[in-house]
There are 6 protein chains.
Amino acid sequence: MTVSNRPSGRAHDELRAIGIERNYTRHAEGSVLVSFGDTRVLCTASVEPRVPGFLRGKGEGWVTAEYGMLPRATNTRNDREAARGKQGGRTLEIQRLVGRSLRACVDRRALGERTITLDCDVLQADGGTRCAAITGAYVALCDAVGWLKARGDITRDPVIGAVAAVSVGIWQGTPVLDLDYREDSGCDTDMNVVMNDGGGFIEVQGTAEGHAFRRDELDALLALAEQGVSELVALQRAALAS
Amino acid sequence: MTVSNRPSGRAHDELRAIGIERNYTRHAEGSVLVSFGDTRVLCTASVEPRVPGFLRGKGEGWVTAEYGMLPRATNTRNDREAARGKQGGRTLEIQRLVGRSLRACVDRRALGERTITLDCDVLQADGGTRCAAITGAYVALCDAVGWLKARGDITRDPVIGAVAAVSVGIWQGTPVLDLDYREDSGCDTDMNVVMNDGGGFIEVQGTAEGHAFRRDELDALLALAEQGVSELVALQRAALAS
Amino acid sequence: MTVSNRPSGRAHDELRAIGIERNYTRHAEGSVLVSFGDTRVLCTASVEPRVPGFLRGKGEGWVTAEYGMLPRATNTRNDREAARGKQGGRTLEIQRLVGRSLRACVDRRALGERTITLDCDVLQADGGTRCAAITGAYVALCDAVGWLKARGDITRDPVIGAVAAVSVGIWQGTPVLDLDYREDSGCDTDMNVVMNDGGGFIEVQGTAEGHAFRRDELDALLALAEQGVSELVALQRAALAS
Amino acid sequence: MTVSNRPSGRAHDELRAIGIERNYTRHAEGSVLVSFGDTRVLCTASVEPRVPGFLRGKGEGWVTAEYGMLPRATNTRNDREAARGKQGGRTLEIQRLVGRSLRACVDRRALGERTITLDCDVLQADGGTRCAAITGAYVALCDAVGWLKARGDITRDPVIGAVAAVSVGIWQGTPVLDLDYREDSGCDTDMNVVMNDGGGFIEVQGTAEGHAFRRDELDALLALAEQGVSELVALQRAALAS
Amino acid sequence: MTVSNRPSGRAHDELRAIGIERNYTRHAEGSVLVSFGDTRVLCTASVEPRVPGFLRGKGEGWVTAEYGMLPRATNTRNDREAARGKQGGRTLEIQRLVGRSLRACVDRRALGERTITLDCDVLQADGGTRCAAITGAYVALCDAVGWLKARGDITRDPVIGAVAAVSVGIWQGTPVLDLDYREDSGCDTDMNVVMNDGGGFIEVQGTAEGHAFRRDELDALLALAEQGVSELVALQRAALAS
Amino acid sequence: MTVSNRPSGRAHDELRAIGIERNYTRHAEGSVLVSFGDTRVLCTASVEPRVPGFLRGKGEGWVTAEYGMLPRATNTRNDREAARGKQGGRTLEIQRLVGRSLRACVDRRALGERTITLDCDVLQADGGTRCAAITGAYVALCDAVGWLKARGDITRDPVIGAVAAVSVGIWQGTPVLDLDYREDSGCDTDMNVVMNDGGGFIEVQGTAEGHAFRRDELDALLALAEQGVSELVALQRAALAS
């Protein structure tokens, strides 16, 4: 283990305390409160017996996501997007990422002509909200699918693998895992990595905040992410088994 | 006590289990999770050192509210208002009501040129969300004012009385207190009553859903509300003392 | 009669001069210019042979309302809502109230699969515009129903009672009826009361502007409103008979 | 006089009955109800002691216009633009035309750093609303300027000539003046002409609805418009003198 | 030829260098880059096998236009309309004009139930963009119709004449043809004239920028426009023949 | 060189024909038409002597980007974003990426309190528009900076390295460089890589379209991108030298 002086005091390859609380609210077919340290995201999965226009009559389902942040989830209050009358670019970018990531683990033909919408609402933010959202939405999705199976609506399991995500970055020259807000703000490079439980990459989004990153730094970050996601997948599995 | 066959099994004058959990999230100056049975609303109070244009330079503060409902707070998923690009009429109506109600207990001159915004976000809905929002927002407001006092920013207490709210309605001929969703849907008449701790009325909003209500029914509903609010004020006081 | 020093010089229980002019414009199925003193609202009723999606195929009709104020209906010019790109909270609140109030006097099954839209546009404002709108819209609605009956489109009368509305408030300690703008601005408490011709309450919306109101004040206001509405219902009846 | 079989029964060069009623509403600095037959437009002029950003500090005033149509001003109900959330292309086109036309008769330096907004709201439409709006707005503008003079706010008269407008078209081969809705719908060519009291053209907007129009037709239409505007200017003058 | 000291150095009746480049982009059924001097507009024609709701099932086609200007087509950068969230009044006015003008040369019954959309996007602006757009869109429309004929989708030619447009104005007392930006800004009067190849007028839109224009000035402008359009029609014909 | 059967017939590591045409339009401080094969993007750089609010008074400049696609840049017509009233998620995502990428090569202190806006408008699309936009915008940025230097507005060069971007993907098992639309649609994995001229990574955005990608595939893609970007940087240099 590399010695690290990261602000959180964690080892460079140490996740925050991860919580995955199922059935957090009662109406949704899947409802999970996921926490990555102080980051807390409520992920609900809603099943609806219809698909968007471009899929109608094709015998396939759809999985999509929406993302929001309560105005005071952060240190200073942000305008409410509903009041401003539009979702910002960051919001749209994240919800598109969450949707694509979850679709990567679903056999949409096995789902049938249904839509599962994953609403990811950040109750409290401390960095890594999109990774927490993906990780929690996967569990909510499994619960919604379980609900469909319990009703006998579907026979074949449409979930074809697990999906989880983690952020990695370079803090004062050292690659570190699962950045909190303070670390994220101070990092030169920041990468969000979405992977499946087979070690395959679904999304890799790296951004140089300060100076550009070298290929060897990129390699080190990917390795850290591989380790982090495999731990998250184990935690998802445990939560679903309980 | 009148015998009642209300769906919830409660006595006609019985509140649901009320919860008031302070410091629910960590960033806001006041953060309260209020629950009226299965209705759960996160109320945060944010202090900002400025006032809207129409108050600038007048030496007075401002208290305002915004209201939102997570898309799957309800039994079937609602469109996200941020995605639709506007807040609906019901949302605007409720947040205007919450704002007016809280301003009724604040000496805005003692607050100084500051704005306190009360964000009331419904995590789970089961009837009475606006009443829960007002009741919880009051406690969040008190915490935000306590924060200002602790910093020495204000000397005189701007909170000049407590505010709480409850719904009442007529269920199959019987006036009942604190309607849950099933009762609300089945009621002929529905009234939301906002009062202060001195027994004064701040807002009375009654609507005949089925047939119009008689004056004696209105009187019975007001009496029930008076009792309910006085219990809520006691619970607020206990929460703030703990 | 209580002595009153209200700005308008009226007795505490005295309505303003009320005018109800039918057939004010020629295209609408019902068109009424209602005036409560200097408040003038043009109420038109438009019949359309279709219903909103949620009612399609149910054999029921719909009654809805929209409200607007010309930019210079008031003392200082307000932004045009069409130019700003959205209706404000106050507008939405009022048009929801007008719609609910008018639906309360309609048997929607007798109306058949038709929508009647009540457009209430304020040409000149001097307080009480929402009450004038409800009172005038009722007459426009009757004229539109008369038009349907004259064509033989409906056989059973869908209007099952009259609806009218009036504002009441407490001016310097005295409950007064039908507030004009100056009185409204100076009142501690302001209440809008919608009732039917059987003395039943349809909507009661009271707001404490200054200090909270006591139960006995509320009782006095309701009594005044009962008297005012019964006078308005008589004037509606006279207008419809002419 | 050419014989004409126009639907209205009017002679080919005959205006409809024109009404110009000043002080129609009481709050605006100028308020005129103008009628061209069954077309009725309420034109108010509002004075505000400020100018748009691009004129600030230049010692000049601004004159602008907004146009709206009540939803049921027409034979079938139109959506309310405020509810749809935007003004349509036709509305924007007309209000830009009205604004340009009125600015053509104002010495903006003599007006000083003030804005006069002309709100033209159509209460009832029967063709020619934009021409009626311009003709009525001119009178409302004069009244607003009179108000400024009476207060001693300005010394030099900023109104440097009269402006009026009329529509002309070709009905079954015959050029006709001041089209009502039925005539307008049946015309091959439709032209709106804005002129001043010196016989100068301010705007000419001709559109071939069916086949293109020849130069000699255009000439005949312009001659009719010249006559019609001179009659309208006389009526404006009479209204302002009364 | 009248001597003219116009800024461009051109004779008073001289068009700018006109370019009509077909097949400028490869996806559209018609794609034309038209240039009037330094004004360059990309006009594409898109064929779609459907019509707007109000035409469905009537056996007629539709022709419509949209107009846009790249933010830096002009000397100083304009806000992007997509980012501001709405098209301005000038844009709507122009695209309505382009659509009406092109519909004037189309037999919509011969087109069948298809829509042809003409997108006119200004890459570089130097005055006269709407006239260039109409002139170029006509050629793009012909190419799209040629594409339909080549596929055998239509048998009868729906294009029933040519359409072109030019601006004229009065520069320091002299009527001049085809204004560039500098001339347009300095003109007292500005007129856009749309005509067909038979010498018929389709649209005439004249605006007095400074003082009103006399009838003889109007006549001189129309004569100049007639000459300019006939030259443009010849250039269109040549481009289509090549 | 790996044998490749890619649709374009190019070698697996072969860029399309790249064009960089400076001074494409005349008003902007920098104006570049960049082409990657049939993809053509007009990139203009506009200099404005002000910065957004959050930077005011800090002595730093700002670089930002906007992205748009003409409605018929693609094979089937897309709705115009200005007409729909909002920019889509894809647009916002791309323009945020372009802005971040260009800021990575600018010393904002050396730029002074100025904003450079890079408008990237796609005239014709055939895959890789965001990479072409970044590559072209860099050249436009250099031209705008050259304009500032020529005027003597800045002394120190704020451009601290070159930036270019390319897409890579896995086509039927083979990693290939610079995907056109057909290849992009058929790829399992698609990655956009933004790098500087020192071989540093600025952005890496990889997405598994079909199945997840393995670490060795990711490595091969990054190597291809490194090669492609170094060729693009050489082409940028040549264009700037000409």
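1. Chain A and chain D make no contact in this predicted model. The nearest C-alpha atoms of chain A and chain D are 11 Å apart. The pair formed by chain B and chain E is likewise without a contact, and the closest C-alpha atoms of chain B and chain E lie 11 Å apart.

2. On confidence, the predictor assigns the complex an ipTM of 0.95 and a pTM of 0.94. For chain A, the average pLDDT is 95, and 98% of its residues score at least 70.

3. The unreviewed UniProt entry lists Arg90(A), Gly128(A), Thr129(A) and Arg130(A) under "binding site". These residues are spread over 41 residues of sequence, yet they cluster in space, with a largest C-alpha distance of 13.2 Å. The annotation comes from that record; the points below on Thr129(A) and Arg130(A) concern their surroundings in the model.

4. Thr129(A) belongs to helix 4 of chain A, which covers residues 129-150. Is Thr129(A) buried or exposed? Its relative accessible area is 5%, and because the cut-off for a buried residue is under 20%, Thr129(A) counts as buried.

5. Which residues surround Thr129(A), leaving aside neighbours within four places in sequence? Thr129(A) is in contact with Thr39(A), Val41(A), Tyr67(A), Met69(A), Arg90(A) and Val122(A). One of these, Tyr67(A), also takes part in a polar contact, made between its side chain and the side chain of Thr129(A) at 2.6 Å. Arg90(A), another of the contacts, is itself on the UniProt "binding site" list.

6. Arg130(A) is likewise found in helix 4 of chain A. With a relative accessible area of 18%, Arg130(A) falls under the 20% cut-off and is therefore classed as buried. Apart from neighbours within four places in sequence, Arg130(A) is in contact with Arg90(A), Glu93(A), Ile94(A), Leu97(A), Asn192(A) and Gln205(A). Arg90(A) is thus in contact with both Thr129(A) and Arg130(A).

7. In chain E, helix 2 runs over residues 89-103 and has 15 residues. From its first C-alpha to its last, helix 2 of chain E reaches 21 Å, close to the 21 Å expected at 1.5 Å a residue.

8. Why is helix 2 of chain E described as largely enclosed by the rest of the structure? The reason is that 11 of its 15 residues are buried. Among them are Gly89(E), Thr91(E), Leu92(E), Glu93(E) and Ile94(E), and the buried set also includes Gln95(E), Leu97(E), Val98(E), Gly99(E), Ser101(E) and Leu102(E).

Conventions
Residues are numbered from 1 along each chain as its sequence is written. Chains are lettered from A and ligands numbered from 1 in the order in which they are written. This is a predicted model: local features need pLDDT of at least 70, side-chain atom pairs count only at pLDDT 80 or more; totals for chains, interfaces and linings use all residues. Side-chain values use heavy atoms; hydrogens and water are left out. UniProt positions are given in the numbering used here, feature names are shortened, and annotations may be inferred rather than shown by experiment. Helices (H or I, at least four residues) and strands (E, at least two) are DSSP runs, numbered from the N terminus. Buried means under 20% relative accessible area, exposed over 50%, partly exposed in between (1.4 Å probe, protein chains only). Contact means heavy atoms within 4.5 Å. A polar contact is a pair of N or O atoms within 3.5 Å; within protein, one must be able to donate a hydrogen and the other to accept it, and residues adjacent in sequence count only if both atoms are side-chain atoms. pLDDT is the predictor's confidence in each residue, from 0 to 100. The expected span of a helix is 1.5 Å times one less than its number of residues.
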